[in-house]
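Below is a short colleague's note for someone meeting this structure for the first time. Please read the numbered points with the model open beside them.

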Amino acid sequence: MVDSFGSADAYNEIRWVRQSCRSGKEAVFKLGQRLSGKPLQFVIGNQPFNSAVIQCIPPTLIPRQETEFWVDKLIARFCDNRQLRVLDLCTGSGCIGVSIAKELHCDSVVVVDSSPKACKLATINARNNLTKEQLERFEVKQMDILSESIDLSSYNVITINPPYITQRDYKTLHSEVRDWEDKDALLAGGDEYGLVFYKRMIYLLKDAFNKQVWMEVGYNQAQLVVKLAKQSGVANVELIEDPFNDRINRVVILHL
Amino acid sequence: MRLSLCRWARPLSANTRHDKLLKLANKYLDERLSLVEKSSDLDNKTLAVRSRRLKELDTLPDLYSSYQQSMDTLHTTEKMASDEPDDILREMAAAEMEECSAVLQSNYNSLTEAILASNAHSQLSPKGILLELKAGVGGSESALFVQDMLKMYTAFSDSQRWSSSLLSTTYVNNEVSGAIKEAILEIKGTDTWPLLRFEKGVHRVQRVPLTETQGRVHTSTIGVLVMPVVDKMAEKALYDEKDVRLEVMRARGAGGQHVNKTESAVRLTHIPTGIQVSMQDTRSQQQNRQRAYQVLSSRLLSKRMQDEIDERKKGRISQIGNMDRSDKIRTYNYPQSRITDHRVNLSLSDLQSFFESGVGLSWFVDHLKTAEQDALLDSLLADA
């Protein structure tokens, strides 16, 4: 383990795996899984995400810390608001929508994914983290936003962390990501820049007003997405830096 | 437990101690009287200082008179026990002697504490402490000793019915043994601070390291810091949010969906003081952040306390009475199974029980406390 992860990470990972086990046997089994390349979050079965704990079941995408970081910012920004109507697209494990539903005063939170497995997991994560009242205002919808039409007018906060990895990058991904996580959650088909979901969003938002749209983007996509937005007439665009790398913008916010 | 080699650095007879205390008590009673008598034509600021000082000295007269009384009682009883012609009365007096001296001792203690308290500006009673252990001279042997000490403090805190938890551990790189370079242990419970604050300093170990092949004894050191835990409410007062820079560590290329990171280390930097705290022990970014802020607050409070002590020392003629910065405070000698505390020059010789459950630690602390009080009284007297 020291050889594969470096000693500091190895000790931490061994400890975390141990803490998640009820018996020594289980720990040995799980450490074996980890050594053979299964992602830590799938081995342990969950990942903390802000104040929530998100269950992780393959192949649904594991919540990323970059996402956690900007969702934390979003929560800080809207913490005094009431009557929020939130839509989280490409929700995957549900981490964004669940986290928002847990921390903010929302009239409704709707999370959407095209994968039945993801929708099932998002439902589990909502149940595990939300109060009864919050759950009543939480809804999971299975649909493909690329092919089906969706009315965005009633929401005032929209979040989306769509697949944004290009075909070219996909081949170079670490095997822990490529072999274990849903291709459909990572790989953006269509053009060579991986912008298909952003184009679709901007199209869907054509006549929209009075809302903020937070879109996570890949390391080289922020400027392209901003350009698309400007072209379609969005005047007010805000960027959020990646916490781990200040040369990257991680989120594009459209103020409509 | 066998205690051996017990000797006092500065043997003090009971009488000189009482004399000293009396002298000091008189000095502060005089100060109080002169403050009370001061005419009222003072400006507001001086008045405020005066009333604060009066408040500090408020309990002294009562404590002083009870102390005097118990002293008188002891003397009369003593006299009776030796001179009384009536056998029965004499025996009764003799029997009372013990109780009288106990009362005297307890009054002595209260008076001492009151005098010391009136001269210390910040009285601290935190809900817990953070013990920070750092490997020093001696490479991996020193890191192994950090581990031993960590176990000892954990066992000691169990024996005191405190709760302890490891906040942060940094392992030695490229070392399979699990040697710890740095660790922060949080211990919660009443009296954690008064009992463990003396642990601050350099601890020296002399033994044949596990890694030594030729049987030679090595000398290594570790550093221990003791910081008070700051409660949530008080945290805000210690720093300005704007002065703290929060960084997430270890940038890695593309990030986002491209990479799945497992560690979530954070680093805080308090810009005005340059204090840095990194935390990577939990999988939760939020929890790492909270812990880092907790450690930062404790460090800032410790620093503030140290500054205060330094400030007060400047204005003082004598430099004694402060054991805070002594270099090497204790030596653990394995070949001779002996632990020596250099501040009080005392040794105990059951190394094994000490490391198994901290047996003997409170014994050291008792003596350290008395020695500190003596030294403080001395320094107050020297200033007088």
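**Notes on chain A**

1. The C-alpha atoms at the two ends of residues 74–171 of chain A are 32 Å apart, and this span is 39% helix and 23% strand, where helices (H or I, at least four residues) and strands (E, at least two) are DSSP runs numbered from the N terminus. UniProt, in an unreviewed entry, places the feature "domain: Methyltransferase small" at residues 74–171 of chain A; such annotations may be inferred rather than shown by experiment.

2. This is a predicted model, in which local features need pLDDT of at least 70, side-chain atom pairs count only at pLDDT 80 or more, and totals for chains, interfaces and linings use all residues. Residues are numbered from 1 along each chain as its sequence is written, and side-chain values use heavy atoms, with hydrogens and water left out.

3. Chain A contains 13 helices and nine strands, and its C-alpha atoms fill a box of roughly 60 × 45 × 30 Å along the principal axes. Of its 256 residues, 55% are buried, meaning under 20% relative accessible area with a 1.4 Å probe, protein chains only.

4. Among contacts in chain A with a separation of 6 or more, 63% join residues 24 or more positions apart, a contact being heavy atoms within 4.5 Å.

5. In helix H12 of chain A (residues 196–204), the buried residues include A:Phe197, A:Tyr198, A:Arg200 and A:Met201. The cover over the buried residues of H12(A) includes strand S3 (84–89), strand S7 (212–216) and helix H13 (222–231) of chain A.

Notes: Chains are lettered from A and ligands numbered from 1 in the order in which they are written. Buried means under 20% relative accessible area, exposed over 50%, partly exposed in between (1.4 Å probe, protein chains only).
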